[in-house]
Protein chains: 2
Amino acid sequence: MGKRVTIKDVAKALNVSVSTVSRALKDNPEIGLKTRELVKKTAKNMNYQPNPIAVALKTSKSNTIGVIVPKIVNTFYASVVEGIEEVADKHGYQIFVSSTNEDFEKEKKYVDAYINNRADGVILSLSRETTDFEHIKHLQELNVPTVLFDRTTKNLKIPRVVTDDAKAADKAVTHLINGGAKRIAMLSGPKHLLVGRNRTRGYKKALEKAGIPFDEELVIHSDATVKETLKTTKELLENKKVDAIFCINDDLAIGAITAAKELGLRIPEDLAVVGFYNSKRSRYMNPSISTIDLNPYQVGVLTAGVLFEQITSGEVDNEKEIVVPSHLIIRESSEK
Amino acid sequence: MGKRVTIKDVAKALNVSVSTVSRALKDNPEIGLKTRELVKKTAKNMNYQPNPIAVALKTSKSNTIGVIVPKIVNTFYASVVEGIEEVADKHGYQIFVSSTNEDFEKEKKYVDAYINNRADGVILSLSRETTDFEHIKHLQELNVPTVLFDRTTKNLKIPRVVTDDAKAADKAVTHLINGGAKRIAMLSGPKHLLVGRNRTRGYKKALEKAGIPFDEELVIHSDATVKETLKTTKELLENKKVDAIFCINDDLAIGAITAAKELGLRIPEDLAVVGFYNSKRSRYMNPSISTIDLNPYQVGVLTAGVLFEQITSGEVDNEKEIVVPSHLIIRESSEK
DNA sequence: CTGAAAGCGCTAACAT
DNA sequence: ATGTTAGCGCTTTCAG
């Protein structure tokens, strides 16, 4: 079976030395043009494939980028990965993706794996559990180009690419206000998550600009189970008399809409809703409400851009922070 | 900065040879128990980390599994990946994931990458474009354990794990029939896709069992754009008088439901719908209709299982085919 | 029980 | 312009 052909084999076939072959293959001008061509031709004929492992051992570079995400089933992250792939490919790099499943130990494990496998760069988004950052610092100590995205931390000086969560929320809520809403609730996730906090900031800001007082009771934190969402939404509609709801994600948006309909309300005449655009699917989920698109693909493209800048220049700007703008997709029917 | 500590360093520190260290580290009984312990202890103290690249170069094994999927943003594939990760982790292997984005050239490229990086196994699902299978045959020639899942082909003798698409469709349609439906339409995707063909088979079978004649006109192929779905569904409802719709995916299901509601129909009293469960999100998307769960996570677990069987035993059963059962999730409200 | 030494495939001084 | 050689970090005969 497949005995792999090495540089040595082609050297032997041509009666030249391995170094000649090695150099010819990388177009080293020290080698005569005709030998260069000859070597390249026979290498191809013999179906020679360089062994990246040997190269990596020798050079300590692997031509690969490690990408670590908290949850690959989340389409936001999957889309980011696509963006990264796109630009890595352009640079002639491959990416290897790992999902920590929000597990800190796995995150450490994968970081180590990428270090040991001499990844030329690492892109990662912190797991929910991560509060200790030694593994990230380790990457920095080893001078492995690293950039964080989305789930980052203030406890680290490191380049990062984030979404404009606060601004996005502001846009969404302002849109609702412009549509005539007066009492706007916010359906949020678990209280401790940074996303929620950032979006709450935007929510408050939009209210403030419109002169609407902030009412703590209209911000609901939940785990986004169907049942819970239905219950809290009904509560909001029946007892708090809200006329619009800003939802932190599409699952919540669907829950809100479903609850509203069960109460006989019409969307958006009786209740305006804004959700988030997490995937193409959103279009189907709520064809009649406006959504915020966080541009995950763009996040990936930009993150990879920062990384390659670092790889290419060899310089790190640990203060670098790129904020990716979000995009409000307005559906006609969402205006009251 | 991070000078990495090697086996040599710990050998020097203990005044023993590198081979002793190497052996001690892998608990070779030829080495005295106390030396073994000593070596292991100091290795840990010195923070020694084996260099997997050197190991791979020496042994031609990398302790990694390559996974190639057509589209990682598709939650079906993302979930499969989670399943694979789970069992790979148990075996002490890492996985590296690549998404071809349905591009045949990328598929070849990634296969080559995994070959060259000495992946100990490859799991892959063919891209839509793939009609040439030389790269897969190449894997087999090189004795790289390989298993296909989901998107497979009859043109290859190779272990595979697939979903029971036909059976799933049969279950779904039978469920509709049991609920009282008489004229059941099927919303399908592009005509040439295997999934659609398999599901059509199940659809026909269910009708046949119930003695309902098959009507070609009730099977609609579309690209699943929102507009198109709405249009075709309305057409079905108004002119074909269907009382139930079997949808090949959740996007179509949402489209169908939306169209029905726009016509003033109630779900499921006036129209019963069955969709597919592609993610947790499905629960939100159509809380009132039944769905088919294809168990992607299970597909991943089983696929990895087949692969590790092969890796462990060194034997390939190219006839092996595992069909993963799907699961019909019935929601009360979907019964008429 | 332990050490010496070869070699995996490649790159890059250092010759010539 | 090309060849020789050392060595990346590790495993594994083969010798003691």
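Biologist: How do the residues of the surface near DNA strand D divide by class?
Modeller: This is a predicted model, where local features need pLDDT of at least 70, side-chain atom pairs count only at pLDDT 80 or more, and totals for chains, interfaces and linings use all residues. Residues are numbered from 1 along each chain as its sequence is written, with chains lettered from A and ligands numbered from 1 in the order in which they are written. Near means that a C-beta atom, placed from the backbone, lies within 6 Å of the strand, while Ala, Val, Leu, Ile, Met, Phe, Trp, Tyr, Cys and Pro count as nonpolar, Asp, Glu, Lys and Arg as charged, and the others, Gly among them, as polar. By class, the surface near strand D comes out as ten nonpolar, ten polar and six charged residues.

Biologist: Which element gives the largest share of the surface near DNA strand D?
Modeller: Strand D has 26 residues around it, with A:Ser19, A:Gly32, B:Thr6, B:Ile7 and B:Ser19 the closest. Two or more residues each come from α2 and α4 of chain A, and from α1 (7-14), α2 and α4 of chain B; helices (H or I, at least four residues) and strands (E, at least two) are DSSP runs numbered from the N terminus. The largest share, five residues, belongs to α4(B).

Biologist: And which element gives the largest share near DNA strand C?
Modeller: There, 25 residues surround the strand, and the closest are A:Thr6, A:Ile7, A:Ser19, B:Ser19 and B:Thr20. α1 (7-14), α2 (18-25) and α4 (52-59) of chain A each give two or more, as do α2 (18-25) and α4 (52-59) of chain B. With five residues, the largest share goes to α4(A).

Biologist: What is the radius of gyration of chain A?
Modeller: Chain A has 13 helices and twelve strands. The globule rule (2.2 Å times the number of residues to the power 0.38, with the radius taken over C-alpha atoms) gives 20 Å for 336 residues. Chain A is well over that, so it is more spread out than a compact globule, with a radius of gyration of 26 Å.

Biologist: How far does helix α13 of chain A reach from its first C-alpha to its last?
Modeller: α13 covers residues 296-313, so 18 residues. The expected span is 1.5 Å times one less than the number of residues. The helix is close to that expected value, reaching 26 Å.

Biologist: Which residue takes a positive phi just after α13(A)?
Modeller: The phi in question is about 75°. The residue is A:Gly314.
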